[in-house]
Amino acid sequence: RVNTFARSVVLLKWASMEENYISPLSTRYASKEMRANFADITRYRIWRKLWLALAEAEMELGLEITQQQVDALRNAPDVDLKRADEFERSLRHDVMAHVHAFGEQVTVAKPIIHLGA
């Protein structure tokens with residue numbers, strides 16, 4: 001017999017990789033578009049857009065951030081959910097897990113991700 005709690009955790013972890021927010025209420029009452037807005041992957045992609053905007057603004061203000069670093073953030077591959085999950089297990093902090101995973105993908109920009117935020 002499968003433990004109901006363990007099964008729920010597995011289902012929720014799987015859901016975080018989807019572009020779909022899953023909860024008992026969302027599956028009943030929310031539109032597909034609304035669930036996509038609240039999906040974990042959407043949140044992670046928004047974090048990356050915010051870190052890019054922050055780096056651009058800090059570069060304009062004269063911080064030691066290069067155009068190469070900003071371009072690396074802009075052209076980075078999509079979120080590596082598996083690697084972020086590995087970092088989260090050790091760091092126990094979702095944002096910092098994604099900072100580290102993103103830094104591995106764009107090593108030239110690693111020192112400026114989340115800088116000053």
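Here is a short conversation about a predicted model and its helix α4.

Visitor: Before we start, which pLDDT do local features need here?
Guide: Residues are numbered from 1 along each chain as its sequence is written, and side-chain values use heavy atoms, with hydrogens and water left out. This is a predicted model in which side-chain atom pairs count only at pLDDT 80 or more, totals for chains, interfaces and linings use all residues, and local features need pLDDT of at least 70.

Visitor: How many helices and strands are in the protein?
Guide: Helices (H or I, at least four residues) and strands (E, at least two) are DSSP runs, numbered from the N terminus. From that end, the elements run α-α-α-α-α-α-α. The count is zero strands and seven helices.

Visitor: How far does α4 reach from its first C-alpha to its last?
Guide: Helix α4 covers residues 40-60, which makes 21 residues. The expected span is 1.5 Å times one less than the number of residues, giving 30 Å for α4. The model comes close to that, at 31 Å.

Visitor: Within what arc do the buried residues of α4 fall?
Guide: Buried means under 20% relative accessible area, exposed over 50% and partly exposed in between (1.4 Å probe, protein chains only). Among the buried residues of α4 are Asp40, Ile41, Arg48 and Leu52, while the face turned away from the buried side carries the exposed Lys49, Leu50 and Glu60. Taking directions from the helix axis to the C-beta atoms, the buried residues line one face of α4 because they fall within an arc of 135°.

Visitor: Which residues form the aromatic cluster?
Guide: Rings of Phe, Tyr and Trp (its six-membered ring) pair if their centres lie within 6.5 Å; planes under 30 degrees apart count as stacked, over 60 as edge-to-face and the rest as tilted. Tyr44 and Trp47 have ring centres 5.3 Å apart and planes at 50°, so this pair is tilted. Trp47 and Trp51 form another tilted pair, at 6.3 Å centre to centre and 40° between the planes. The cluster consists of Tyr44, Trp47, Trp51 and Phe102.

Visitor: Which element gives the most residues to the largest nonpolar core?
Guide: A nonpolar core is a set of buried Ala, Val, Leu, Ile, Met, Phe, Trp, Tyr and Cys residues joined through side-chain atoms within 4.5 Å. The largest has 20 residues, and Trp51, Leu73, Val106 and Ile113 have the most contacts inside it. Two or more residues come from each of α4, α5 (67-74) and α7 (94-105). The top contributor, with six residues, is α4.
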